[in-house]
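Dear colleague,

Please find below the structure that I am handing over to you. A summary of what was found in it follows, for use alongside your own inspection.

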Amino acid sequence: MNIDGTPYRTIWLDDDGWSLRIIDQTKLPWGFEILRLTTLDQTAHAIRTMLVRGAPLIGATAAYGLCLGLRADASDAALERAAALLLATRPTAVNLRWALARMLARLRDLPIRARPAAAYAEAAAIAEEDVAQNAAIGRFGVELIAHAASGGRAVNILTHCNAGWLATVDWGTALAPIYQAHDQGIAVHVFVDETRPRNQGASLTAWELGKHGVAHTLITDNAGGHLMQRGRVDLVIVGADRVTRQGDVANKIGTYLKALAARDTDVPFWVAVPSSSIDWTIDDGVSEIPIEERAASEVTMVTGRALDGSIATIRISPKESPAANPAFDVTPARLVSGLITERGRCAASAGGLLSLFPEQR
Ligand code: MRU
């Protein structure tokens, strides 16, 4: 997508042909900094500390991280060690496991000297497929937005966290239909949940929508139910970090509450999900999806630009008060109106998913 007219992706190879370039997402929206990653350890650190984040981008970054590891040592032991290191960085988004499994399947049986080149080719394929899948999600999702458009007034869409191009290699998942609607001249307006504690909505979604010229309004996480009750939301579209075989959806903490409010107010609640985020090995999301617990400091502190222009991190709670920080929650399939995948839309159910992905039967 474009930043001030210049097309960017979230991850790409440097001109040297082997090191990685990423956008440091912890600096947005105050600063736009591009980092160069040259080692496996730097890549694992970038995922763990959320310099890059979002389920599809985590997967693509891990694939390239493996490439950097193999440049240093492509032996069997080093390959397995590198994959284990990357796999341990973040537990909830299944794209990480999916991308590493795909890389290992491609590389394990190759002679050691052939591994680095094959790894770069596979990582590039993962990245390109992500872009194509998200574009397809956009095409299937824009039909929902067009359907909701009536009388020339803007379609109001609520989204949570950041499932835009910054969370993927390009396009985004939940935001792909919104970008395509905007580009086709369908009037859209997005209510952006700020998404405490890390504020991915406020700092990332609002930033990228603004850069693309999409009308949006930032709201507190608690405002969505009220807006739905007042008829101000036509549609909710969110992304996913992991969708189970039966259609349960793990996504950023707070998604479940939005789904409950949407059900109570009859607002359609759609989840945009590339197949790389579907975990075919589990059924029940509530009991089976690992939920990442992050540092309490993300809850007790906030970072922003102070009035004097400096970037400041401040404490918002009593020093003595403990805090808990589950980073994701699970929305049961029964609350999901449907899934938007790269193969089309379907019910959030085993039958719905298998109708689009019969090879998983
Ligand atoms: O903790 P994050 O920022 O990696 O969480 C991101 C989300 O929850 C997104 O909604 C999800 O990954 C979908 S991304 C297309």
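In what follows, helices (at least four residues) and strands (at least two) are DSSP runs, numbered from the N terminus. Please note also that this is a predicted model.

I begin with the backbone. Asp4 has a positive phi, near 50 degrees, although Asp4 is a residue other than glycine. Asp4 belongs to the loop between strand S1 (2–3) and strand S2 (6–7).

Two cis peptide bonds should also be mentioned. One runs from Leu28 to Pro29, with omega near 5 degrees; Pro29 is placed in the loop between strand S4 (20–23) and strand S5 (34–37). Another joins Arg196 and Pro197, where omega is about 5 degrees. The loop that holds Pro197 connects strand S7 (188–193) with helix H7 (200–212).

I turn now to the ligand. Where does the ligand lie with respect to domain 1 and domain 2? Both domain 1 (2–129) and domain 2 (137–360) contribute residues to the shell around the ligand, and therefore the ligand lies between them.

There are 19 residues around the ligand, of which Arg90, Gln200, Asp241, Asn251 and Lys252 come nearest. Sorted by class, the shell comprises 8 nonpolar, 7 polar and 4 charged residues.

Three distances from oxygen atoms of the ligand may be of interest when you examine the site:

- Gly54: a polar backbone atom is 2.9 Å from an oxygen atom of the ligand.
- Ala55: a polar backbone atom is 2.9 Å from an oxygen atom of the ligand.
- Asp241: an N or O atom in the side chain is 2.8 Å from an oxygen atom of the ligand.

How much of the ligand's accessible area does the protein cover? On its own, the ligand has 410 Å² of accessible area, and the protein covers 100% of this. The largest cavity is the space that the ligand takes. Helix H2 (55–72) and strand S11 (249–252) are the elements that give two or more residues to the shell around the ligand.

For a first look at the site, the residues to display are those that come nearest to the ligand, including Arg90 and Lys252, together with Gly54 and Ala55, whose backbone atoms are described above.

With kind regards

Methods. Residues numbered from 1 in each chain as written. Predicted model: local features only at pLDDT ≥ 70, side-chain atom pairs only at ≥ 80, totals over all residues. Heavy atoms only, no water. Near = heavy atom within 4 Å. Polar contact = N/O pair within 3.5 Å; in protein donor to acceptor, adjacent residues only side chain to side chain. Areas by Shrake-Rupley, 256 points an atom, 1.4 Å probe, with all protein chains shown as cover. 1 Å grid on protein atoms, 1.4 Å probe; cavity = no way out; pocket = protein on both sides within 12 Å on 5 of 7 lines; lining within 4 Å. Sits in = over half its atoms within 2 Å of the grid points. Nonpolar A, V, L, I, M, F, W, Y, C, P; charged D, E, K, R; others polar. Domains from an automatic or database assignment.
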